[in-house]
Amino acid sequence: MSKVGDEIHADNGSWTFAGDISNVFDAHISKSIPHYSDGEDLIAKISDFFLSKDSVCYDLGTSTGEILFQIAKRQKNKKTTLIGFDCVPEMIAKAREKCAEFPNVSMIEADILDVTLEPCDLVISAYTMQFVKPKNRQMMFDRIYQSLNWGGGFLLFEKVRAPDARFQDMMSILYSNHKAEQGFSPEEILGKTDSLKGIQEPFSTQGNLDLLRRAGFGDIMTVFKYVCFEGFLAIK
Ligand SMILES: C[S@@+](CC[C@H](N)C(=O)[O-])C[C@H]1O[C@@H](n2cnc3c(N)ncnc32)[C@H](O)[C@@H]1O
């Protein structure tokens, strides 16, 4: 198995969030995604505009529950129902531990393709849809749109591909440089890239906008963008 950084090992095309990764996940994602904590902070601040005391908010692919933890702290007077889903039991265990002080937060071990989303005011998907097989992705966007109350928000943060080959080359190099600056070795950077083959499939900005529009969203704005990472806010 190749080294991919932070004591994580993975084979070619075999990246997984299962196992011991949950112990080092928070550090790994902060180093791997530029301005990760700024994005997380922005998501929590944007939640102010959508959540009131009887609201339901879903976090799809919650990992260790960091985003819902930030929202729970920020919205502590509203007692909003916050529900995180992740298919990895070790992630859900960490997320429950992290959010234990907030009785309004539930962490559920489930595949997001199998869950029924109840009417809600905010859905968050941060760097998760890129791991949903392209053949299932539109269905997920359709379900999110259908579950949102009118005026509800969908915060979609993703790795995105560039609009053409020249830009993609530049963005890939900038991103590799970023990882090197974060302390990942060339072997780890290549090992991670190899491990994600066929597992992570980012769409372009336009590809994500097309998914959102086909689902029914008309009002969409980019709220975060850095090199190959983008955050969209779509309002029903
Ligand atoms: C990159 S991490 C998300 C990080 C997290 N949203 C955050 O910002 O801290 C992707 C997560 O999505 C989960 N995931 C991927 N596909 C899933 C699926 N079909 N159902 C449930 N969880 C899924 C993985 O287990 C992983 O924890």
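Let me begin with the fold of this chain, whose secondary structure comes to eight helices and nine strands, where helices (H or I, at least four residues) and strands (E, at least two) are DSSP runs numbered from the N terminus. The radius of gyration, taken over C-alpha atoms, is 17 Å, close to the 18 Å that the globule rule (2.2 Å times the number of residues to the power 0.38) gives for 236 residues, so the chain is as compact as a globular protein of that length.

Please keep in mind that this is a predicted model, in which local features need pLDDT of at least 70, side-chain atom pairs count only at pLDDT 80 or more, and totals for chains, interfaces and linings use all residues. Residues are numbered from 1 along each chain as its sequence is written, and side-chain values use heavy atoms, with hydrogens and water left out.

Of the 236 residues, 51% count as buried, meaning under 20% relative accessible area, while exposed means over 50% and partly exposed lies in between, with a 1.4 Å probe and protein chains only.

Now to the backbone, where most residues other than glycine have a negative phi. Which residue in the loop between α1 (21-32) and α2 (36-47) should we look at? That is His35, which has a positive phi of about 60° although it is not a glycine, and which is partly exposed, with a relative accessible area of 39%. Tyr127, found in the loop between β6 (120-126) and α5 (134-147), also has a positive phi of about 60° without being a glycine, but Tyr127 counts as buried, at 7% relative accessibility.
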